[in-house]
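The exercises below are meant for someone meeting this structure for the first time. Work through each task with the sequence and the model at hand, and then compare your reasoning with the solution that follows.

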Amino acid sequence: MTVRRLAAVDAQTYWMSASVPSDQFLLYAFGGQPDSLEGALDMVRDRARACADFRVRVDDTDFWTYPVWAQREVTADQIVVHDVDPPTWQGCLTAVAGLTDEPLDARDITWRLHVFPKVDEIPGAGSGSVAVLQICHALADGVLASALAAHLFGRNGAVPAVAAAPVRAAALPWRAFAAGRAHRRLVRDTDAGLVPPQALPRPALRTNTLPAGPRHLRTVVCSREQFGATTVTVGALAALSAALAGHLRALGDDAARLGAEVPMARTGPRQARNHFGNVGVELYPDLAAPERSAAIAADLHRRRRRAVHPAMLAEAAALAALPAPLLLWGVAQFDPGVRSAAVTGNTVVSSVNRGPADLRFGGAPVVLTAGFPSLSPMMGLTHGVHGIGGAVAVSVHAAASVIGDLDALEAYVERLAWELRSAP
């Protein structure tokens, strides 16, 4: 039997989760209840058993090598049915916020499905069902996790394959040399104006303070048509730029250099389960709406151009060749208590298109999907932008210490909803 080791970046993600929990929570709302709840759950279990990615756990028992994906059967405790009190959309989101305090131990299970069989006031549906896939980030990034969730709920087609090849530590010297040479070329190309410069760090704001107190989830549901000719990602970034700048300024922060940390998919074949990198994007809150959207789109384009430079591929190749003990030592040096005056972004904005509205739960059709990027020691407010079919949910995940009391939270969500409705 072939031993499947975690790629270096996936092992790094797994080891980091001990200090900063990073489970993803993928929410899917369905219009109506299934004809038979047990029948719907049995179908989900059968589809999970039919996909190898749902039948793994992490075996991390050898210090000298990277952890491996060990086989594990799908068990009854991986699907949990919850009652919500009150049985409303917001009551469901509050229950999901509580689940973030219960991270999975990937050495035991790497995913769990939480089912809320009766939820009222679902946007666009009224009464229905909600299912939330909790999944370890080491197992999948946002794109892969979305494909796995879609498989559970009936989408046909293969889940993206991870074509990771074993890398010997002996390759490190050569790959490190190649990475250094490529970096020098990157510096020359940047100085010559052939490649956009690296995004500058920006001042930390209130949103970058240590999260404390209750955590809150909110969603604003839009139609794809609201964004007009712009992309959903750009339109959402432009809207939350204005909303967040207004909120922070009301609290006394200088939001002139407001920016977001945005996960961006890597190009090329997927060689790890986490096939993305975070980039810093300027949000230009002081520009008028049309100019702001254009400036954000141009900034995203610059980040993509820089991300495809050969230096980035060489850097990733060098990381892949690091001996496991060396990478583990590096992860152990991370101190979540250290504060920084400069950050990549003042909020995280994760945007994923989850495809057509072809998912079903016991016969009930999907009406919307949402996601809530995890908080971290330097990030107390994150946003998700997730679309399925013609519905787009812009989500807010906030700690009370950052966003303020419930009145302040609702005021911010109202600002965000207004800016989304006013999108050019």
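## Exercise 1: Helix H4

In this predicted model, helix H4 is largely enclosed by the rest of the structure, because eight of its 11 residues are buried. Find out which residues of H4 are buried and what covers them.

**Solution.** Begin with the cut-off, since a residue is called buried when its relative accessible area is under 20%. Applied along H4, this picks out Leu144, Ala145, Ser146, Leu148, Ala149, Ala150, His151 and Leu152. Next, look at what packs over these buried residues: the cover includes two elements from early in the numbering list, strand E1 (24-31) and helix H2 (37-49), together with strand E6 (126-135) and strand E12 (347-353).

## Exercise 2: Phe153

Determine where Phe153 lies, whether Phe153 is buried or exposed, and which residues Phe153 is in contact with.

**Solution.** First, place the residue: Phe153 belongs to the loop that runs between helix H4 (142-152) and helix H5 (172-191). Second, consider its surface: the relative accessible area of Phe153 is 2%, and therefore the residue is buried. Third, set aside the neighbours within four places in sequence, and the contacts of Phe153 that remain are Tyr28, Phe30, Val44, Leu113, Ala131, Leu359, Arg360 and Phe361. Finally, for a sense of distance, take Asp253, which is 100 residues from Phe153 in sequence and 44 Å from Phe153 in space, counted from C-alpha to C-alpha.

## Exercise 3: The chain as a whole

Decide why the radius of gyration of the chain agrees with that of a compact globule, and describe how the chain is built.

**Solution.** Start with the expectation: a compact globule of 424 residues would have a radius of gyration near 22 Å, and the chain agrees with this because its own value is 21 Å. The C-alpha trace spans about 60 × 60 × 40 Å along its principal axes, and the secondary structure comes to 11 helices and 16 strands. Buried residues account for 50% of the 424 residues. Turning to contacts between residues at least 6 apart in sequence, 76% of them join residues at least 24 apart.

## Exercise 4: An annotated span

Find which residues the UniProt domain annotation covers and how much of that span is helix and strand.

**Solution.** The record, an unreviewed UniProt entry, gives the annotation "domain: O-acyltransferase WSD1 C-terminal" for residues 274-414. Within residues 274-414, helix makes up 37% and strand 30%, while the end C-alpha atoms of the span lie 34 Å apart.

How values were computed. Residues are numbered from 1 along each chain as its sequence is written. This is a predicted model: local features need pLDDT of at least 70, side-chain atom pairs count only at pLDDT 80 or more; totals for chains, interfaces and linings use all residues. Side-chain values use heavy atoms; hydrogens and water are left out. Helices (H or I, at least four residues) and strands (E, at least two) are DSSP runs, numbered from the N terminus. The radius of gyration is taken over C-alpha atoms; the globule rule is 2.2 Å times the number of residues to the power 0.38. Buried means under 20% relative accessible area, exposed over 50%, partly exposed in between (1.4 Å probe, protein chains only). Contact means heavy atoms within 4.5 Å. UniProt positions are given in the numbering used here, feature names are shortened, and annotations may be inferred rather than shown by experiment.
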